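Dear colleague,

Please find below the structure that I promised to hand over, followed by my notes on what was found in it.

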Amino acid sequence: MELLLKNVSAGYGSGKVLDSIDLSIKDGERVFIGGRNGSGKTTLLRVMAGLINCEGSVTINGNDLSKMKRRNVAKLIALMPQAGEMYFQYTVYQTVLLGRYARTDGLFGGFTNRDREYAEECMENCGVYELKDRLLGELSGGQLQRVLLARTYAQETPFLFLDEPGSSLDIKYRAELCDYLGKWAEGKTATPYGDVRNTIVAVFHDLGQARSICSRTVLLKNMTILADGPSSEVITPEMLEEAFDFDVAGYIERQVIVR
Amino acid sequence: MKEQGIPDNRNNSRKAAGIGIALSLAACLFILLLAIRAGSVYISVSDLLKIIGSHITGKPLPADVDPMTDSIFWTIRMPRAITAFLVGGALSLSGAVMQAVLQNPLASSYTLGVSSGASLGAGIVLLCGFTLSGLEGFMLPLAGFVFGLITVVLSILLASRIDRSVSNQTIVLIGMVLSLFVTGIMNFMMTFYGDRSKQLWLWMTGSFSARNWTHAAILFVTGIAGFVIFFMLSGRLDILTFGELQASSMGVDVKKTRITAILVASFLTGVSVAFAGVIGFIDLAAPHIVRRIFGPSHRIVIPMSFIYGGAFMALCDLAARTVLSPREIPVGAVTALVGAPFFAYVFFAKGRRKV
């Protein structure tokens, strides 16, 4: 299965954020998307998930995302958003269960026992099972992030798009996140098109986390792709300096963490 | 990471919700009974049941019931109380849905200009004496309904013209702008027809006096239809409260769901405004209180909003016609006078559930 972007441009209002991007992501890949603030990482994820309008074409398996039913897209691609404010106080359990929505059917669309079990499993994998009766407003930033991650897993899709999944997590949970994502990426997910190898596309600010999970790196700069290739070749001192406009490697070297 | 022996309390919380629902239904029936019985003419419960029984079965009234009592309760009080209940239920339902769709627990269908549009329609009829033959008695509700709906459709059309994805801010802003504009036209008109503005004022503050079974029947049918549609949308409404992007990524067709929900909610509000005038506050307060008690899941919020809104309205109408009897207070004034402090208390009181 291939997700293909051809000549894609996108923006908000009159401001352009992405300019004629070409990108192909095949199932089984683990792609890190990097770049400075405002370089278009989040917009790229949203475009790839078919969530915002864009010029050019975004297709999955040859099907135009903008012409597919949202419910069918949601069975292939799940996007974990950056946590925003929650206005309605659902419990953790209700929130994660809503991730199963695309798989419900019937006029009244109730959840089945399998949906409940799957949601519970996702909560356990993200370490939020103990919080299941808490309200979203009572959670810390890191807890909320893990709940959103669990809800994203609950969609049971082969393509997992993550927008800074570790930004509010403590160091232990970050390590667990990396372990779990690595393990998950080995597997396959059943879809209407047969079993598809699990695929990760993620925005990280922690380069170590990015390196440990993703074998491919795409760096964005000035609305376009600056570099795209195996992480070991793209994540070099020169390339990082080019992408971030400062001496990243030197900065990392100067950091004293544990000695 | 699952610890051993964590009790699955899903059954417990279901049981609690079940008890809550049963208590609410009982309270609602009690209030309805109170709204029918209270007043200057007394009736015993058994006589009331005899009257209802004779009308439902078509059998003649038992000899021990005064025909005068029958006419007071069957043709005046019961349709009035039931109309009030159905209007309250419909307003509260549409409020609950608007809040989910606009992702704002403090929004209401009045946000989109339903009430100002409806007021303008009623104003045109009252002030200019405009009428259609055969529909003389229904001109006021008809115009109110049509103008309310036109205002909403206009806001949606304008919003989708300006912003292809029809985002919340656009809808709310356009609704506000249109409301102000329409109110401006209304005030402009009133300067020319000052002599009839009292009648218009009466309508704009709401009343249930002299409502009959036809009103109740129409409201019943539209209320049930709206309820079923919203109940079917409840999963999508839950997801929509997380915002457009998240809802879309979870598989909801945001634009379609939002427009359907807004149109049905406006329809319900339009019909209510048409039959009872403009009554604020219930559509805001009732769903809010329901979420406090039962949580935000729309599978419970939708039915309970109907019950709570209906009961609250029946109670307010009861107050409207009895407190200063024989004088009647506009029911819109009662909902605001009773509701505002109560709502403020609920809103500011420290509770576990914030919304």
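**Helix packing in chain B**

In chain B, the axes of helix 4 (residues 114–128) and helix 11 (residues 254–276) come within 10 Å and cross at roughly 40°, where helices (H or I, at least four residues) and strands (E, at least two) are DSSP runs numbered from the N terminus, and axes are lines fitted to C-alpha atoms, for helices over the stretch in contact, with angles running from 0 to 180 degrees between N-to-C directions. Helix 4 of chain B and helix 11 of chain B are therefore oblique to each other (angles under 35 degrees count as roughly parallel, over 145 as roughly antiparallel, 65 to 115 as roughly perpendicular and the rest as oblique). The contact is made by Val114(B), Ser115(B) and Ala118(B) of helix 4 of chain B, together with Ser266(B), Thr269(B), Gly270(B), Val273(B) and Ala274(B) of helix 11 of chain B; two residues are in contact if their C-beta atoms, placed from the backbone, lie within 7 Å.

Please note that this is a predicted model, in which local features need pLDDT of at least 70 and side-chain atom pairs count only at pLDDT 80 or more, while totals for chains, interfaces and linings use all residues. Residues are numbered from 1 along each chain as its sequence is written, and chains are lettered from A and ligands numbered from 1 in the order in which they are written.

**Core and domains**

The largest nonpolar core (a set of buried Ala, Val, Leu, Ile, Met, Phe, Trp, Tyr and Cys residues joined through C-beta atoms within 7 Å) has 179 residues, and those with the most contacts inside it include Met48(A), Phe161(A) and Val97(B). A residue is buried if 20 or more other C-beta atoms lie within 10 Å of its own, exposed if 12 or fewer, and partly exposed in between. Helix 3 (residues 67–101) of chain B gives the most to this core, with 16 residues. Domain 1 (1–76 + 158–167 + 192–259) and domain 2 (80–156) of chain A both give residues to this core, so it lies between them; the domain bounds come from an automatic or database domain assignment.

The centres of these two domains of chain A, taken over C-alpha atoms, are separated by 25 Å, and 9 residues of domain 1 are in contact with 9 residues of domain 2.

**Between the chains**

The contact takes 28 residues from chain B and 33 residues from chain A. On the side of chain B that touches chain A, helix 10 of chain B gives the most, with 4 residues.

With best wishes
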